[in-house]
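Good morning, colleagues. I would ask you to look at the sequence and the model together while I speak.

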Amino acid sequence: MARRNTREILLNEGMSAFIAKGYEGIGIQQILAAVRVPKGSFYNYFDSKEDFALEVLDAYDNRYAEFVAEHMDSAGDPLVRMRAYFSALETEMSEAGLSAGCLYGVLSQTSAAHSDALRSRLKKAFATWRNNLTRLLSEALGRGDLQENADVAGLADAIIDAYEGALLRMRAEGDVSPVRRFRQVTLEALLASAASQK
């Protein structure tokens, strides 16, 4: 295996493993065994499990940036784009089955209390997500689709909070229904609460 390929394989496996089992629920040895990489090779790329998790987050961020570009950055009605974004996330969760989840949410629950570096990195990731949603909501505000005094950043926070709660319940129940309910009920209620009365 080429050096670059080995590193990418480890990061991809780490992403799947952390989403499925959390930071505390998976050991480096299990990740190495899954991809048949010797332990010594791991330490050629990463100094520690924490360092590995931080780089897994970077890889996840890159994947997420592509997802955002595909679903949020097109032209047209910003609220339609937001709905399409969450619909695409729901499809992704449905296809992932029992390994579905959000790396940000899972690591927040399983590592943030034990690692200042991971907590700081996760805070940055959520801020980026908030900024992406705020951008769409600001566009909607500019079009007159939201009330003039709408707190778009606060609305973005509420949407993220509700979505992460739906993911938590989805993982507990092993069913994508909470994510569908978020999209069909909670998201619409949050948007309606800020909608302009035209």
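Let us begin with the surroundings of one helix: the buried residues of α7 pack against α4 (49–71), α5 (78–96), α6 (103–110), α8 and α9. Please keep in mind that this is a predicted model.

Which residues of α7 are buried? They are L118, R121, L122, A125, W129, N132, L133, T134, L136, L137 and A140. The helix itself has 27 residues, and at 1.5 Å a residue it should span 39 Å; the C-alpha atoms at its ends lie 38 Å apart, in agreement with that figure. Just after α7 comes G144, with a positive phi of about 85°.

I turn now to a single position, T134, which belongs to α7, residues 116–142. Its relative accessibility is 14%, and buried means under 20%, so T134 counts as buried. Leaving aside residues up to four places away in sequence, T134 touches V152, A153 and A156.

Next, the partners of α7. With α5, the packing angle is about 145° and the axes are 8 Å apart. On the α5 side we find P78, L79, R81, M82, Y85 and F86, and these meet W129, L133, L136, L137, E139 and A140 in α7. Sorted by class, this contact has ten nonpolar residues, no polar ones and two charged ones.

With α6, the angle is about 145° and the axes are 10 Å apart. The crossing of α6 past α7 is left-handed. Y104, G105, L107 and S108 of α6 make this contact with L122, A125, F126 and W129 of α7. Here the classes are six nonpolar, two polar and no charged residues. W129 thus appears in the contact with α5 and again in the contact with α6.

Finally, I come to a pair that does not include α7. How do the axes of α8 and α9 cross? Helix α8, residues 152–173, and helix α9, residues 177–194, have axes that come within 9 Å and cross at roughly 165°. The two helices are therefore roughly antiparallel to each other. Their crossing is right-handed. From α8, the contact is made by L155, A158, I159, A162, Y163, A166, L167, R169, M170 and E173; from α9, by P178, V179, R181, F182, T186, L187, L190, L191 and A194. By class, that gives 15 nonpolar, one polar and three charged residues.

Thank you for your attention.

Notes
Residues numbered from 1 in each chain as written. Predicted model: local features only at pLDDT ≥ 70, side-chain atom pairs only at ≥ 80, totals over all residues. Heavy atoms only, no water. Axes fitted to C-alpha atoms, helices over the stretch in contact; angles between N-to-C directions. Helix = DSSP H or I, 4+ residues; strand = E, 2+ residues; numbered from the N terminus. Parallel < 35°, antiparallel > 145°, perpendicular 65-115°, else oblique. Left-handed = near helix turned anticlockwise from the far one by under 90°. Contact = heavy atoms within 4.5 Å. Nonpolar A, V, L, I, M, F, W, Y, C, P; charged D, E, K, R; others polar. Buried < 20%, exposed > 50% of the residue type's maximum accessible area, 1.4 Å probe, protein only. Expected span 1.5 Å × (residues − 1).
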